[in-house]
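Trainee: Got a few minutes to go through a structure with me? I have it open and would like to ask some quick questions.
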Amino acid sequence: MNRLESALDSPVVWVAGPAGSGKTTLVSDFVRSRKRPCIWYQVDERDVDPGTFFHYMGLAVKKAFPENKKHVPDFSPESLSGLMGFTITFFEKIFDTLKKGSLLVLDNYQMMQADAHLHRLMKRALSIIPRGMNIIIISRKSPPKELVGFLADNTMAVLLWEDLKLTLDEARDILVLRSKYHYSKKEVQHLHEITNGWVSGLTLWVHASLFSPSAPVQAAYDTPEEIFDYFASEIFSNTSPEMKHFLMATSFLPKMNISMADEIAGTQNARDILLNLVRQQYFILKYGRLDRFYAYHQLFRSFLQARALDTLTRTELNHYRKKAALLLIKNGDIDEAARQLIECQAFDELAELITTHSLTLIGQGRHALIIEWVSTLPEEIVMKNIWLVYWLGVARLVISPEESYRNFEIAFQFFSESGDVLGKLLSWSGIIDALALQFSNFKGFDKWIQVFDQIKKDYLSISDEEIQCRVASSFFKALVLRQPHHPSVEMWAKLALVRGNDRETLNMRSWTYVRLQFYYLAIKTDTRKLEEIAEELKRIAAAHPYTSPMATINVLYTEMVALQFTGRLQQSLAVLSKYRIVAGKSGIHLFDFFFSMHEASIYLDMNNVGKAARVLKQMQSHEDVMNPWVKSFYYFQKTRLGMMKQDCSGIEEDNSKALALAEEVGCHFTILVCLLQKVYVYQARGLREKAGILLKEYFDRIENRESARDHFMGLLTQAHLFFESGKEKKGLAALRKGLAIGKKHELLFNFSDQPAVTAGLCMKALSENIEVSHVQTIIKKRNLQPEVPPVHLDNWPWPVKIQSFGSFEIYIEGHPIHLSRKSPRKIFKLLKAIIAYPNDKVPAIWLMDSLWPDADGDRAMESLKVSIKRLRKLLGNPQAVQWKKSTVWLNPKLVWVDLIAFESINEEINRQTSDPRSHPFIRSRIDSAVNLVMGPFLEGDDSLPVFISRRSELEILLAHLFQLALTHAKSKRKLVKMITLCNKTVSNPSLSQAIHQKVVAWMSKNGE
């Protein structure tokens, strides 16, 4: 006891010793005497299946702490894809349930095979034991190789056979306590030597000596098992025939209550017999307080089973095994019942057990058990009960969808021939699920969609709501993925979304919401529906008492998609992070690739090439295990990345792989986006003719499709091609038509484009006032930033706009900052100084000298730092003001200044004046420049010399522009506007006089 208590200084204690060495007794006595809260789990050979282990361990936790509401998660089919993650979550919940000082005991751990996956899972579990809790593992063997590492860092302490052996004094005390015979010191020493300190051997000697006091003392054996068999034989041979019969018959039960013992042994006094065995400590254990159960010690049970094999006939053995199986089934132990039925080859009964309990086993994630049991059945038994083939398909669905498909196909054929309506519908639904999980051949749906038309009357005839939901969900899935323009798609979605309170129904409904969202994204083009679907699923899951990890993942997926395609890209990345936490805790990693695809897409939409490249590089290492559909998207995003990096070396090959895989899978939406991407690839490589031909093919394919998104994407691509070919009018027509569709359906993304291309199209649209509000939304939501900022476009949705002509104004996201007397004047003066400086980048030393002329260098520098920090805060963006290498400037991608725009347009006009063909363009640009001038530069502010000198320079530019405007003016209205502005902004008399002379000349020429 004391050694065990000392060993508990380590989080894990491994108690190892031969059978009957007192391991279990030691630990159980310790738990009882020290009053330690405990979960006791008996490991057996069935635990080689992780689903079985987690199921029964979960039951043990709930039984030990029924009042605790923080139950461990149920093992589900989805958990098979990420056992390690599920293990972590499972044991974390156990540790949350336990109080400080609690124990988790794993008894009979030697039942695990050397290569059992459970060792690797336990390695992870043992690494997260919180302080103040312990796991005790009881085994006949030393720790397996997976766990020996815990010995090195003292995480695990070990009690071995040498620690458990009886001392000579302990042996003497047991003999005095258990036997009426008085043993001499020499006899005690002799018994201690031949039993080698083995407590069970000594106990057996006490019992055996009642029948043959002398014989055992002469015996010596090499192992405890041999000693046990010898002494047990002595005891067993001297019991009555009735007792022998009772012991052998009840040994077919791993544990029993009194009624089970009476029934299998054909007795009516099992209570007396069992209690007497307990009192005599006759290698039997008693469990429970209210529902009493008894179990023989494993060594004793093995001995009795061996005797039964030697003594009973084959018929008698099968009789007891079958009877035991029926009692076990009645008492809920179907695992042991199946083992007994397999032993006695009661295949009809085993088949019935499988068909009766498969649904429960599937819900527990114990697929492997069904596959194992069915594999033991002769083929004629399986084909006689075709439901076995169906359940085999269900069990294989997550593990091997291809084999599952074949099972469901055979089941469907037999159910159809036999007229079993439920079997026919369920196996048809299984076929659809198996095809979908393969992600490789959506074309296969066509056949089964047609078949469903033939069995629809069967669907309408059933009243089981759960089966209706399952079948409707499968049909909706097939239609969305293969025939999305089927006229009854939305009707089947409604039928699939029936109400239900069980976890399985919620799982199905959550999948339906995912596919319904895909339908509205890719086919119906209803952006608002994306958000409605995500919110509705989130609400249902929150109110549901049995929300599974899979349903939670689907909630997060729909939320991420809604955020991504409504332009809230940063928020969608936050949801993706939540998914990774859920996947890690639940161990469900089936959809990691899909989330990674969205992550890469989001980063590309954000023009974050570096992060997108990292995501795709991580995926590349798993390319060999990707299913064809995911791999198609992978190559699609890889092509986008190549084009954005302007690396055309591999983009055609990657796009060809994406398109070929999309064609192979047969999802029309994927085919279309890959086809449209090839247009961009050809265009990037200068193959304009090929690009045009392929774009025509794209429009031919979508001609009869109702998807507004398809037309939106095609028209924007067409506009891009026209502009690149110099066909301005055709480009504007396509752009106008495409953006009209985009505005109507609130579309922000062209899946195949590049942010730079979209930014260029948006610039064109704004310069022509095409769907301005929607285009501004696209720019803001996608954070589009052209390589060369479009300073000539004041309707570009600049985060910050500054007006320096006339009154000084600042606009943040379109809203003015109202300046008051309490406004930070120094900050505004700093901003004005940065704007007024003749060059884009302003020396920090000049700013310090201009704004803090009386301060010393360090103090001026500190004042500048503080002021820039405040200016950034004022402008609402830390990137708005840049400071690097002793120069300060305004970020031209975020901050628009009318002065910079005016100078840029003026330079553009000067470059074009020599070309007569550019007169319409010049007139347009003159109008743009003139519209910027609201008055004199920094009107009324002479606080810095640079403001005055800059104002004078700009008067010269303005005068030149006004004179040029008069040259190109065609209306008196514009002339009047020019004169008004001239009077307001040009204070130099000679410049003003020259302009007025030009006005008089223009009026004379035009008869005014």
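Mentor: Sure, we can talk about salt bridges, then strands, then a patch on the surface. Keep in mind that this is a predicted model.

Trainee: Okay, salt bridges to begin with. How many does the structure hold?
Mentor: It holds 40 salt bridges. One of them pairs the side chains of Glu-349 and Lys-322, at 3.5 Å from N to O. That pair links distant parts of the chain, with Glu-349 in helix H18 and Lys-322 in helix H16, 27 residues apart.

Trainee: And what does Glu-336 pair with?
Mentor: Glu-336 forms a salt bridge with Arg-339, and their closest N and O atoms are 2.7 Å apart. Both sit in helix H17, and because they are 3 residues apart, about one helical turn separates them.

Trainee: Is Glu-336 buried or exposed?
Mentor: Glu-336 counts as buried because its relative accessibility is 4%. Arg-339, at 28%, counts as partly exposed.

Trainee: Which residues are in a network with those two?
Mentor: Glu-45 and Arg-301 are linked with Glu-336 and Arg-339 in a network of salt bridges.

Trainee: Switching to strands. How many residues of E3 are buried?
Mentor: In strand E3, residues 103-107, 5 of its 5 residues are buried. Leu-103, Val-105 and Asp-107 point one way, while Leu-104 and Leu-106 point the other way.

Trainee: Which strands does E3 join up with?
Mentor: Strand E2 (residues 38-42) is joined to E3 by 5 bridges, and the two run parallel. On the E2 side, Cys-38 has Leu-103 as its bridge partner. E3 also has 4 bridges to strand E4 (residues 134-139), again parallel. There, Leu-103 stands opposite Asn-134.

Trainee: What about the sheet with E11, how is that ordered?
Mentor: That one is an open sheet of 3 strands in the order E11-E13-E12, with antiparallel pairing. E11 and E12 stand at the edges with a single partner strand each, so one side of each has no neighbour in the sheet. Helix H43 (residues 857-875) packs on the sheet and touches E12 and E13. Its direction makes about 150° with that of E12.

Trainee: Last one: which residues form the nonpolar patch on the surface?
Mentor: Met-383, Ile-410 and Phe-414 form it, with about 220 Å² of accessible area together. Ile-410 is found in helix H22, residues 401-418. With a relative accessibility of 36%, Ile-410 counts as partly exposed.

Methods: Residues numbered from 1 in each chain as written. Predicted model: local features only at pLDDT ≥ 70, side-chain atom pairs only at ≥ 80, totals over all residues. Heavy atoms only, no water. Patch = residues over 30% accessible without salt bridge, like charges linked within 9 Å, V, L, I, M, F, W, Y side chains within 5 Å. Areas by Shrake-Rupley, 256 points an atom, 1.4 Å probe, with all protein chains shown as cover. Salt bridge = Lys/Arg side-chain N within 4 Å of Asp/Glu carboxyl O. Buried < 20%, exposed > 50% of the residue type's maximum accessible area, 1.4 Å probe, protein only. Pairing = 2+ DSSP bridges. Contact = heavy atoms within 4.5 Å. Axes fitted to C-alpha atoms, helices over the stretch in contact; angles between N-to-C directions.
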